[in-house]
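Colleague: I'd like a close look at a single part of this model rather than a tour of everything. Please pick one spot and walk me through what surrounds it.

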Amino acid sequence: MLILGIDTSCDDTGVAVVKQGDIIISNIIASQFSAHERFGGVVPVIAAREHTAKINYILDSALEKAEVSFSDLDAVAVSHHQGLMLSLVVGVSAAKSIALACQIPLIGIHHLEGHIYSNLMGRTDEIHFPFLCLTVAGGHTLLLKVVSHGTYELLGHTRDDAAGEVLDKVARHLHLGFPGGAAIQKLAEKGNPTAYHFPRPLINRRDGEFSFSGLKTAVISAIDRDPNLNVADLCASLQQAIIDLLVSKTMLIAETHDLKQITLAGGVALNQPLRKALQQEVQQRGYQLFTPQTDLCMDNGAMIAGAAFYLYQTRGADPLSIETLANAPLGTTGIRYRPGSKYGKGS
């Protein structure tokens with residue numbers, strides 16, 4: 001089954017062609033870095049405009065690299081839930097047009113499901129249900145028990161800011177550029193992770209809840225009150241605090257629920273110190289850690305097509321009237337995980 005995957009959930013235009021859910025034939029990602037850099041973050045209106053300008057070219061590029069045409073496609077999949085509304089609409093409109101013109105199934109995918117499935121691509125013989133997925137990015141920090149295809153149990157989430165959001169906001173305050181996570185990691189390599197004693201909120205609680213807003217406030221306060229700030233030390237200390245929180249909660253939940261296979265997903269999965277720290281803890285316990293290849297950590301069309309291959313088999317195609325939602329519950333159980341929402345199943 002040859003699936004075209006489209007993701008325009010935020011500021012990257014991603015289009016890919018994937019065969020049988022595992023074989024990535026092409027995966028084209030167009031960055032909008034230059035359009036947003038001077039603002040220190042993503043501007044929704046600009047993001048939508050950039051998607052609109054690039055989508056046809058990226059579609060053609062993905063098909064050309066894969067050496068296929070629209071007539072060769074068996075289905076088209078698209079991120080239609082979770083992201084910037086104006087951005088999502090661009091990808092969904094393109095996917096609907098392709099499905100209608102080619103008379104092929106349209107498969108709507110929750111953006112977070114794409115990240116979850118980024119680890120399953122090419123590893124369906126290695127990773128077995130149920131497993132624990134830590135997905136961390138600028139918009140979410142979640143611990144999910146992946147029960148089966150499309151079915152998840154929420155075991156932990158952030159009460160407030162996401163981990164990636166803290167990195168971006170601190171980087172903006174320091175004028176380090178965008179995206180913030182990469183800039184902070186680079187500076188942290190030269191710093192002392194114990195130089196600043198930043199808080200680890202909720203780290204001693206015996207559950208999967210995270211909180212990062214207090215950490216963010218402490219870091220920004222340290223920046224504002226110290227005229228002789230050592231930026232490298234501060235970045236290293238911030239990064240270490242986030243790693244400590246993520247690793248401790250992940251291992252607690254893995255042990256509590258006897259989940260010995262752990263996957264890491266999302267943009268923050270690119271952070272090498274986080275990967276190393278998790279791997280060390282996992283090895284000590286005889287567990288297994290799976291991380292996606294680099295181009296599957298960022299937003300991309302391949303993970304959407306990969307998820308679609310498996311989810312299409314369990315829930316079928318979607319109508320052309322498919323909705324686009326900026327904030328949507330996840331999976332068959334309708335998990336609501338945004339800060340302030342009900343912890344668990346939503347209505």
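Modeller: What follows is a close look at helix α5, set against the chain as a whole.

A bit of housekeeping comes before that. This is a predicted model, so local features need pLDDT of at least 70 and side-chain atom pairs count only at pLDDT 80 or more, while totals for chains, interfaces and linings use all residues. Residues are numbered from 1 along each chain as its sequence is written, and side-chain values use heavy atoms, leaving out hydrogens and water.

Now the backdrop. The protein chain has ten helices and twelve strands; these are DSSP runs numbered from the N terminus, with helices being H or I of at least four residues and strands E of at least two. Of its 347 residues, 55% count as buried, meaning under 20% relative accessible area with a 1.4 Å probe, protein chains only. The domain assignment, which is automatic or taken from a database, splits the chain into domain 1 (2-116 + 296-330) and domain 2 (128-291). Where the two meet, 14 residues from domain 1 and 18 residues from domain 2 take part in the contact, contact being heavy atoms within 4.5 Å. The domain centres, taken over C-alpha atoms, are separated by 27 Å.

On to α5 itself, which covers residues 163-173. Its buried residues are Ala163, Gly164, Val166, Leu167, Asp168, Val170 and Ala171. An α-helix has 3.6 residues a turn, so residues three or four places apart point the same way. What do these buried residues pack against? Two strands, β6 (131-136) and β7 (141-148), are on the list, together with the helices α6 (180-188), α7 (213-225) and α8 (231-256). Just after α5, His175 takes a positive phi of about 60 degrees.

For the view from the other side, look at Ile242, which sits in helix α8. Ile242 counts as buried because its relative accessibility is 4%. If you skip residues up to four places away in sequence, Ile242 touches Ala163, Val166 and Leu167, along with Phe212 and Leu215. The first three of those names are also among the buried residues of α5. Phe39 is another matter: it is 203 residues from Ile242 along the chain, and their C-alpha atoms are 25 Å apart.

Stepping back out, 73% of the chain's contacts with a separation of 6 or more are between residues 24 or more positions apart.

Key. Buried means under 20% relative accessible area, exposed over 50%, partly exposed in between (1.4 Å probe, protein chains only).
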